[in-house]
Amino acid sequence: MSDLSHSRPDIAGHPDVAEMRERYARVAGGPQAVAVDGLILLTGLYTAISPWVVHFHAQPDITVNNLIVGIAMAVIGLGLTLADEKLLRLSWTVAAMGVWMIISPWVVTAGHSASAGIIWNNCWIGGVAFALGLAAMAMVRQTVRGTATK
């Protein structure tokens with residue numbers, strides 16, 4: 001009979017694995033990556049506490065939105081700092097969260113009428129998160145491109 005199992009081959013013995021791990025470690029452990037990862041973590045923490053800093057008293061929906069997105073972004077930032085090799089390719093989600101933060105005041109608020117403080121706060125957070133997400137994605141692309149050319 002034929003073997004119908006769909007097991008994946010183990011690539012641990014592949015000759016390029018050591019080089020790929022070394023390159024990931026070099027890029028993910030460099031000063032630029034540490035700065036970007038730390039800034040993602042801080043942006044997520046600020047996003048989570050921003051409803052109380054900017055006083056979103058009349059808008060409970062956007063308060064919950066910022067809290068959830070902020071915690072998620074902080075967890076991704078923390079994961080990038082602690083387990084960078086495993087989470088490096090997940091960094092694109094930070095850019096997506098940045099776009100969401102920019103449009104969320106109009107989507108989430110009741111009556112689509114957020115105050116100017118909420119709009120400015122979320123647009124700044126979104127812009128910073130988007131830029132950090134793009135920077136993290138550029139580092140991933142640099143890592144992948146450098147590995148593929150060797």
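**Core, surface patch and a loop residue in a predicted model**

The side chain of Thr109 comes within 2.6 Å of the backbone oxygen of Pro105. The model in which this contact occurs is a predicted one. Thr109 belongs to the loop that lies between H5 and H6. With a relative accessibility of 2%, Thr109 is classed as buried, because the buried class covers values under 20%. When residues up to four places away in sequence are not counted, Thr109 touches Gln59, Ile62, Ser104 and Ala114.

The interior of the model was examined next. The largest nonpolar core holds 15 residues, and the members that touch the most others are Val36, Ile40, Val69, Met73, Ile76, Val94 and Met97. Two or more residues are given to this core by each of helix H2 (31–54), helix H3 (60–82), helix H5 (92–108) and helix H6 (116–149). H6 provides the largest share, with 5 residues. Val94, one of the core residues that touch the most other members, is in contact with Ile40, Ile76, Ala129, Phe130 and Gly133 once its neighbours within four places in sequence are left aside. Two of these partners, Ile40 and Ile76, are likewise listed among the core residues that touch the most other members.

On the surface, Tyr46, Ile49, Trp52, Val53, Leu67, Ile71 and Val75 make a nonpolar patch of about 650 Å². H2 and H3 are the elements that give two or more residues to the patch. The largest share comes from H2, which supplies 4 residues. H2 and H3 are also among the elements that give two or more residues to the largest nonpolar core.

Two residues of H2 were considered individually. Val53, a member of the nonpolar patch, is located in helix H2. Its relative accessibility is 44%, so Val53 is classed as partly exposed. Leu39 is also placed in helix H2. For Leu39 the relative accessibility is 42%, and this residue therefore counts as partly exposed as well. Both values fall in the class between 20% and 50%. Leu39 and Gly77 are 38 residues apart along the chain, and 7.8 Å separates their C-alpha atoms.

Helix H2 thus appears in several parts of this description: it gives residues to the largest nonpolar core, it supplies the largest share of the nonpolar patch, and it contains the partly exposed residues Val53 and Leu39.

Notes
Residues numbered from 1 in each chain as written. Predicted model: local features only at pLDDT ≥ 70, side-chain atom pairs only at ≥ 80, totals over all residues. Heavy atoms only, no water. Core = buried A, V, L, I, M, F, W, Y, C linked by side-chain atoms within 4.5 Å. Buried < 20%, exposed > 50% of the residue type's maximum accessible area, 1.4 Å probe, protein only. Contact = heavy atoms within 4.5 Å. Patch = residues over 30% accessible without salt bridge, like charges linked within 9 Å, V, L, I, M, F, W, Y side chains within 5 Å. Areas by Shrake-Rupley, 256 points an atom, 1.4 Å probe, with all protein chains shown as cover. Salt bridge = Lys/Arg side-chain N within 4 Å of Asp/Glu carboxyl O. Polar contact = N/O pair within 3.5 Å; in protein donor to acceptor, adjacent residues only side chain to side chain.
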